[in-house]
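Trainee: Got a minute to go through this one with me? I'd like to start with the inside and then see how far to trust it.

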Amino acid sequence: MLRNLLLVLLALTLATPAAAAQIEIRAPGQQTIPLALTTFLPRDAAGASPEIAEEIRQVLQANLELSGMFSFIDPAAFLSDAQRIGLLSSEVDFAQWRLLGAEVLIKGTYAVQGDSLTVEARLFDVTRRRLLDGRRYVGRLSDVRYTAHAFSDQILRSLTGIEGPFNTRIAFISDATGHKELYLMDVDGHNPIRITDHRSIVLNPDFSPVGRELIFTSYKETNPDVYRKEIYSGREARLSSRQGLNISPRYRPDGREIALTLSYQGQPDLYLIGTDGSLLRRLTQNWNIDVEPTWSPDGKQIAFISDRQGGPHIFIMDLQGDNLRRLTPAGTHNATPAWSPQGDRIAFSRLEQGRFDIYTIRPDGSDERRLTFGPGSKEHPRWSPDGRFLVYSSTQEGKKAIFVMRADGTVARRISAPGGEASHPAWSGRWQQ
């Protein structure tokens with residue numbers, strides 16, 4: 001099980017929302033904000049660790065590059081202020097940074113005492129010579145990456161009002177052991193850890209809204225049943241083991257109910273069950289196959305795949321099963337819908353010419369966009385909790401692997417390590433340490 005991370009975050013002097021709003025925010029791929037990212041300095045020479053400083057810098061740069069919001073000032077051009085600690089606005093030589101064209105500046109320090117690590121991180125508005133955000137993180141030496149991920153999230157929140165997703169987790173399925181098991185990893189693919197040992201086939205994980213447990217389908221007892229796994233305690237329970245299919249479970253956004261496909265009454269239909277596995281009601285009833293539900297953010301609608309009008313298409317209905325409508329007018333095989341956290345788009349995969357690619361569409365059926373191109377299939381898209389990114393599986397490099405890209409389809413980045421095939425990713429919400 002995951003270790004209990006002893007990471008303490010203390011907010012320092014924070015900028016007012018009005019101050020943060022004075023930085024002009026632009027969409028990824030358009031004009032970006034010039035950013036100076038300095039190397040964090042040791043609080044005292046005796047505790048200097050170039051490895052820690054470099055790891056913080058690399059994690060921050062990778063995360064902020066992926067956001068698409070920034071252009072980085074070349075560190076080779078940095079002047080003397082980059083070598084001074086200067087964590088207060090009065091201590092920063094903003095004139096130097098303006099000379100380099102920077103609009104925002106990241107500075108910080110670290111201190112090591114035994115196994116304890118303290119990181120002080122600051123985000124400055126260079127143009128207005130003020131502090132936008134300041135954080136102190138106290139943890140263990142092994143928490144370096146988590147610290148940098150956490151400050152990356154705060155940077156995006158300070159500049160956009162929406163926290164970043166970098167200090168969350170991604171669940172996925174890997175056959176690295178010879179069986180399809182459930183794993184967790186950081187958003188950048190670091191620290192993968194196997195959390196099931198079913199020695200069978202595990203599929204389709206989904207995080208609870210509070211991020212402390214997962215539900216998934218497993219063939220551990222031969223039948224495809226739904227299980228619930230507590231991430232920290234390791235406790236596991238079989239949640240739905242009705243005859244036939246128990247597949248593609250998805251938590252309602254409030255975490256109090258689960259939509260899934262059951263076939264114990266004949267055809268695979270959508271049902272609603274409680275978190276204790278009790279049957280609440282049947283959502284669909286027809287002679288066709290209804291699978292892969294995904295909830296609207298308000299929990300009032302469900303999108304799902306059905307072949308009731310020919311090939312598999314996405315349909316939307318309200319929670320009472322009323323107001324059913326077909327969402328995808330195009331294609332002959334659409335699959336794995338995922339409703340965005342903001343509710344404005346639904347991602348899905350479509351099979352054409354022998355391979356899947358990822359698309360998004362508005363919930364009213366308009367503005368369909370193809371996001372992926374090139375060799376290999378791209379499947380199982382899931383949104384980051386802030387809606388900025390999509391995680392998915394792809395065979396573009398041969399074996400199935402997990403990739404992350406921006407929500408507009410740009411800057412795809414592989415995150416799963418080589419070895420075995422990785423698929424069925426799911427992105428956690430805010431991670432509870």
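Trainee: Which residues touch the most other members in the largest nonpolar core?
Mentor: This is a predicted model, and in it that core has 42 residues, with Leu60, Phe70, Ile106 and Ile155 touching the most other members.

Trainee: What is Ile155 in contact with, leaving aside neighbours within four places in sequence?
Mentor: Ile155 meets Leu60, Leu64, Phe70, Ile106 and Leu123. There's also a second, separate core of 13 residues, and Ile173, Ile195, Phe216 and Tyr227 are among them.

Trainee: OK, switching topic. How many helices and strands does the protein have?
Mentor: Four helices and 31 strands.

Trainee: And how much of the protein counts as buried?
Mentor: 53% of the 433 residues. As for the outside, the protein exposes about 17,800 Å², and carbon and sulfur atoms supply 48% of that.

Trainee: What radius of gyration does the protein have, and what would a compact globule have?
Mentor: The protein has 23 Å; a compact globule with 433 residues would be near 22 Å, so the two agree. The C-alpha atoms fill a box of roughly 75 × 45 × 40 Å along the principal axes.

Trainee: Now the trust part. What's the mean pLDDT?
Mentor: The mean is 92, and 92% of the residues reach 70 or more. Over residues 1-22, though, the pLDDT is below 50, even if that stretch has 64 contacts in the model beyond near neighbours in sequence.

Trainee: And where else does pLDDT stay under 50?
Mentor: Over residues 24-28, which have 13 contacts beyond four places in sequence. Where pLDDT is low, don't read the predicted coordinates in detail.

Conventions. Residues numbered from 1 in each chain as written. Predicted model: local features only at pLDDT ≥ 70, side-chain atom pairs only at ≥ 80, totals over all residues. Heavy atoms only, no water. pLDDT = per-residue confidence, 0-100. Contact = heavy atoms within 4.5 Å. Core = buried A, V, L, I, M, F, W, Y, C linked by side-chain atoms within 4.5 Å. Buried < 20%, exposed > 50% of the residue type's maximum accessible area, 1.4 Å probe, protein only. Helix = DSSP H or I, 4+ residues; strand = E, 2+ residues; numbered from the N terminus. Rg over C-alpha atoms; globule rule 2.2 N^0.38 Å. Areas by Shrake-Rupley, 256 points an atom, 1.4 Å probe, with all protein chains shown as cover.
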